[in-house]
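The following exercises are to be worked with the sequence and the three-dimensional model at hand. Each task is followed by a solution in steps.

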Number of protein chains: 2
Amino acid sequence: MPIERIRYLPLRGKITDAVSAAQCIQDGTNLFISGFTAGYPKLIPQELARRARAGERFKINLFAGASTEDTVDGILAEAGVLAWRRPYMSDRIMREKINRGDIYFKDDHLSSLSEQVRAGNLGTADVAVVEAVCITEKGHLIPTMSVGNTPTYVREGRRIIIEISDLPIELQGLHDIFIPEDPPYRMPIPIYRAADRIGKPFIELDPNRVEAILFSREQDRYPIFHEPDEVSRRIAEQILDFVRHEIRKDRLSPTLPWQSGVGDVANAVLAGFLEDDFFQEIEIYSEVLQDSVLDLIDIGKVRAASGSSLTLSDKARRRFFNEIYRYREKIVLRPVEISNSPEVIRRLGVLAINTAIEVDIYGQVNSTHVMGTHLMNGIGGSGDFLRNGAVSFIVTPSTAKEGRISAIVPMVTHVDHSEHSVDVVVTENGLVDTRSLTPRQTAEQIIRRCAHPDYRDMLWDYFQRALKERGGHEPHVLEDAFFMHRRFMETGDMRPR
Amino acid sequence: MPIERIRYLPLRGKITDAVSAAQCIQDGTNLFISGFTAGYPKLIPQELARRARAGERFKINLFAGASTEDTVDGILAEAGVLAWRRPYMSDRIMREKINRGDIYFKDDHLSSLSEQVRAGNLGTADVAVVEAVCITEKGHLIPTMSVGNTPTYVREGRRIIIEISDLPIELQGLHDIFIPEDPPYRMPIPIYRAADRIGKPFIELDPNRVEAILFSREQDRYPIFHEPDEVSRRIAEQILDFVRHEIRKDRLSPTLPWQSGVGDVANAVLAGFLEDDFFQEIEIYSEVLQDSVLDLIDIGKVRAASGSSLTLSDKARRRFFNEIYRYREKIVLRPVEISNSPEVIRRLGVLAINTAIEVDIYGQVNSTHVMGTHLMNGIGGSGDFLRNGAVSFIVTPSTAKEGRISAIVPMVTHVDHSEHSVDVVVTENGLVDTRSLTPRQTAEQIIRRCAHPDYRDMLWDYFQRALKERGGHEPHVLEDAFFMHRRFMETGDMRPR
């Protein structure tokens with residue numbers, strides 16, 4: 001019986017339906033929701049979209065942990081009820097509206113939003129809506145497949161709406177909830193190994209602020225990542241080769257934890273460990289845990305896997321739910337300010353692997369804006385990991401759109417991560433360790449090793465011209481720095497006809 | 001008697017002259033020296049320059065804490081004996097050679113070099129040359145006016161040359177030497193307040209690796225910063241107004257420590273506290289401590305001042321030397337990996353103030369490369385503080401070169417700090433808090449409030465054109481993004497004739 005999931009009896013009186021519950025969300029409400037790729041509420045967003053379709057005119061400001069996919073971001077964007085959205089999204093309709101200026105969006109490092117909320121920089125936390133598998137005897141919340149910013153939202157939210165999901169109750173024990181102190185008087189975050197549990201397995205909740213409780217049978221829906229293709233596999237192989245080499249040379253410890261961003265290449269890197277004999281047991285200190293983590297646990301290769309979200313394909317999810325007890329020994333889900341904590345990432349010495357839209361010959365990275373102007377998804381956690389990892393890898397296929405776009409360009413059209421945050425650049429063609437190279441040496445090597453053969457000559461020609469005509473520590477010809485982008489915008493191809 | 005400064009008697013046998021001492025520095029030597037604006041060795045660099053002038057051909061790789069001014073960087077660059085230089089410099093001759101590609105240079109976050117050296121990424125530490133005021137009874141070193149990377153260089157250096165300075169012996173007790181652990185197994189850096197001392201007042205030294213000891217009467221020489229001018233004062237006033245306002249609104253704690261980069265504006269900000277009644281006692285957690293810190297201590301306004309270097313005018317230096325006992329109660333000098341530690345800066349919640357060469361309408365910052373190509377000094381500690389501060393300020397006069405260059409541009413020609421690391425932009429004309437603004441709103445406000453009136457219309461026109469022609473989350477017209485820089489390169493003025 002779903003009602004048994006509310007073990008704190010006084011709260012059973014708060015059970016209601018979405019229509020009544022959502023009444024406290026009105027024009028101007030700051031709405032803070034659970035969700036980080038997975039684990040977002042579903043009923044309240046649907047109700048808000050319904051109200052908008054029924055003709056009600058209102059705008060709210062929406063804050064989550066990260067992306068909430070079509071189920072929340074998509075339908076609310078389409079309904080036209082969003083004034084602001086932070087800190088990250090990946091929905092097509094929302095993206096279009098942000099790029100038109102119809103939805104306000106500011107790109108934040110994922111690790112930093114909770115602290116901003118606690119400091120009051122985002123305004124009052126009017127309403128928090130969170131998904132949970134149950135409410136404990138003491139009245140605390142057990143989250144579902146992600147933690148994100150939920151602990152802070154529940155602490156700060158003036159009114160709280162809870163959507164009780166029908167996911168397995170055995171998720172209890174998966175989470176480790178710790179809200180760090182805020183400046184100026186605060187102690188370190190006491191994580192010294194990827195597996196360390198430093199908090200409580202529940203989110204503390206003030207029952208007096210609970211506005212409503214709903215029962216939900218809705219499931220997370222998100223795009224499923226593909227099996228690694230040839231390009232992803234070659235990128236992954238090179239990273240593993242490089243790290244093995246550095247370990248053999250005694251420049252890296254064999255026990256550093258791994259972070260791998262979201263997506264196919266990231267998944268391929270972890271899949272690479274499946275057929276590897278060098279690494280016996282790895283630790284993962286990452287953000288979003290995907291299918292490959294379960295595969296690695298199954299063959300005994302994972303000592304610990306820490307993240308803020310468990311984002312699994314349907315097949316993997318069934319496997320996970322069948323044996324939660326076993327996986328729970330290895331997996332811990334944390335608030336994103338802990339999974340992405342610069343302090344912890346730096347202390348542990350994380351090997352950080354993140355993808356880019358484009359990288360330039362000097363190693364500057366664009367992770368967010370297509371052609372410099374149009375937001376793709378947002379910076380997400382890439383800055384948290386790149387800037388603080390022991391070795392930071394930027395990975396990208398060397399081309400996109402069937403070769404019509406080169407991911408290696410003379411100058412990126414937008415910079416999210418400067419060359420100072422990037423150690424190693426990898427495409428399917430090659431790998432460059434920039435740590436002991438001057439910018440000019442970096443340019444030579446990135447052009448020769450990383451760029452696609454179709455683009456090597458034009459990049460080399462640009463670099464030589466910049467050297468000769470302008471010189472300097474990082475030669476550029478400013479008036480031609482974007483010549484490849486301009487050609488693409490004119491002809492649909494960065495290559496000449 | 002200078003010999004009494006060598007209290008560990010076995011080392012007295014190592015006293016020699018610079019000619020003999022420098023014999024261990026040959027072609028290909030990796031040379032690691034003390035020095036961080038102040039506190040660099042002087043005799044060995046002079047001897048190396050002399051050898052080069054006498055016709056000897058050799059090249060060395062030079063690593064320091066930060067800049068070492070004309071006394072080291074200048075004469076060694078001029079002598080043509082440098083292959084590599086890291087991590088930061090500010091010498092005119094060296095800058096020219098770096099920009100010609102004659103000296104190899106890679107720009108590092110200052111906090112990160114020591115760890116790289118310990119990991120072996122920079123090659124073997126062949127020779128360390130360090131300035132000290134004395135060698136203790138146990139054979140340990142007391143540094144002079146800076147710490148920088150010296151503790152790691154002394155620990156890793158295969159041969160060590162010590163230049164005993166004639167600076168006051170009372171400098172003993174000023175320093176707090178702590179080398180953090182390296183990944184993967186390391187504990188937090190246990191600093192919880194700016195004043196905390198966590199290490200030892202000396203640098204541990206293996207006497208067996210001491211190659212030579214020299215006595216030196218050479219003094220640090222560096223450019224002296226000016227008294228605050230009107231522009232610096234107006235920038236400083238706005239920052240203090242803003243912070244006061246945030247404290248009154250309870251969004252900032254009144255006890256957050258301050259960091260202020262190197263230079264006139266930075267000095268002006270601290271000078272601003274002299275005539276302020278709101279802040280009773282401040283803490284400083286910074287990198288280079290300048291004259292203004294002594295002034296503030298004198299009027300009882302400083303609870304603690306932490307840095308890696310004490311860089312004083314001649315006048316202030318005399319004052320300091322006369323009363324070291326008193327100042328030592330307030331001032332602590334640390335290794336730069338501690339003064340600039342991302343972990344500590346973030347924990348303490350530092351208010352970070354750093355300067356820029358140029359800032360663009362979306363808040364992207366160029367701190368290093370003039371016209372995108374020519375290195376000025378290097379990124380220094382700006383990234384350490386900006387990326388980790390509780391509130392990060394980027395400050396710059398709105399124009400340079402008598403108005404011919406605007407520091408606010410459509411797109412910066414090089415990015416060191418992305419908009420994600422920058423909270424507040426300040427010029428003498430105005431201040432913009434970007435934390436709750438979309439990029440488009442940021443652009444509007446930076447143009448209206450920060451840009452110089454001479455440039456406002458052309459920036460506004462560019463932004464409007466970008467909005468109309470391209471749109472997107474951060475509108476840009478790629479082919480015109482550098483139109484102001486191109487005009488300057490053609491006519492010597494960013495303004496039209």
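Two strands are said to pair if DSSP finds at least two bridges between them. The model examined here is a predicted one.

**Exercise 1. A sheet in chain B**

Determine the strand order of the open three-stranded sheet of chain B, and identify its edge strands.

Solution.

Step 1. As general background, the strands of a sheet pair through backbone hydrogen bonds, in either a parallel or an antiparallel sense.

Step 2. In chain B, the order of the three strands is β17-β16-β23, and the pairing is mixed. The edges are formed by β17 (365–366) and β23 (408–409) of chain B, each of which pairs on one side only.

Step 3. Strand β16 (residues 358–360) of chain B runs parallel to β23(B), and two bridges join them. This number satisfies the requirement of at least two bridges for a pair. Within this pairing, B:V359 has B:I408 as its bridge partner.

**Exercise 2. An enclosed strand in chain A**

Establish which strands pair with β12 of chain A, and state why β12(A) is described as largely enclosed.

Solution.

Step 1. Strand β10 (residues 282–285) of chain A pairs with β12(A) through four bridges in the parallel sense. A:E283 is matched with A:A304 of β12(A).

Step 2. Strand β14 (residues 331–333) of chain A also pairs with β12(A) in the parallel sense, here over three bridges. A:I331 of β14(A) stands opposite A:A305.

Step 3. A residue counts as buried when its relative accessible area is under 20%. Because five of the six residues of β12 (residues 302–307) of chain A are buried, the strand is largely enclosed by the rest of the structure.

**Exercise 3. The relation between the two chains**

Find the operation that lays chain B on chain A, and identify the residue of chain B that comes closest to the rotation axis.

Solution.

Step 1. In general, two copies of a chain are related by a rotation about an axis and a shift along it.

Step 2. Here the turn is 180° and the shift along the axis is 0.0 Å, giving an RMSD of 0.0 Å. That is the relation of a two-fold axis.

Step 3. The copies meet through the same surface, because 100% of the interface residues of chain B are also interface residues in chain A.

Step 4. The residue of chain B that comes closest to the axis is B:E343, its C-alpha lying at 2.5 Å. B:E343 belongs to helix α13 (residues 342–348) of chain B and is buried, with a relative accessible area of 7%.

Step 5. Leaving aside neighbours within four places in sequence, B:E343 is in contact with A:E343, A:R347, B:P188 and B:I189. With B:I189 there is also a polar contact: the side chain of B:E343 reaches the backbone nitrogen of B:I189 at 2.9 Å.

**Exercise 4. Salt bridges in their surroundings**

Over all chains, the structure holds 82 salt bridges. Describe the salt bridges A:K42 to A:E131, B:E96 to B:R92 and B:R495 to B:D493, including the accessibility of each partner.

Solution.

Step 1. Between A:K42 and A:E131, the N to O distance is 2.6 Å. A:K42 lies in the loop between β1 (30–33) and α2 (43–53) of chain A, and A:E131 in strand β5 (residues 127–135) of chain A; the pair, 89 residues apart, links distant parts of the chain. A:K42 is buried at 1% relative accessible area, and A:E131 is buried at 3%.

Step 2. Between B:E96 and B:R92, the closest N and O atoms are 3.7 Å apart. The two residues are separated by about one helical turn, because they are four residues apart in helix α4 (residues 92–100) of chain B. B:E96 is partly exposed at 40% relative accessibility, whereas B:R92 is exposed at 52%.

Step 3. Between B:R495 and B:D493, the N to O distance is 3.1 Å. B:R495 is partly exposed at 23% relative accessibility, whereas B:D493 is buried at 17%.

Step 4. Salt bridges can also share partners: in this way A:D295, A:D298, A:R319, A:E323 and A:R326 are joined into one network.

Technical notes
Residues numbered from 1 in each chain as written. Chains lettered and ligands numbered in written order. Predicted model: local features only at pLDDT ≥ 70, side-chain atom pairs only at ≥ 80, totals over all residues. Heavy atoms only, no water. Least-squares fit on C-alpha atoms with pLDDT ≥ 70 in both. Contact = heavy atoms within 4.5 Å. Salt bridge = Lys/Arg side-chain N within 4 Å of Asp/Glu carboxyl O. Buried < 20%, exposed > 50% of the residue type's maximum accessible area, 1.4 Å probe, protein only. Polar contact = N/O pair within 3.5 Å; in protein donor to acceptor, adjacent residues only side chain to side chain.
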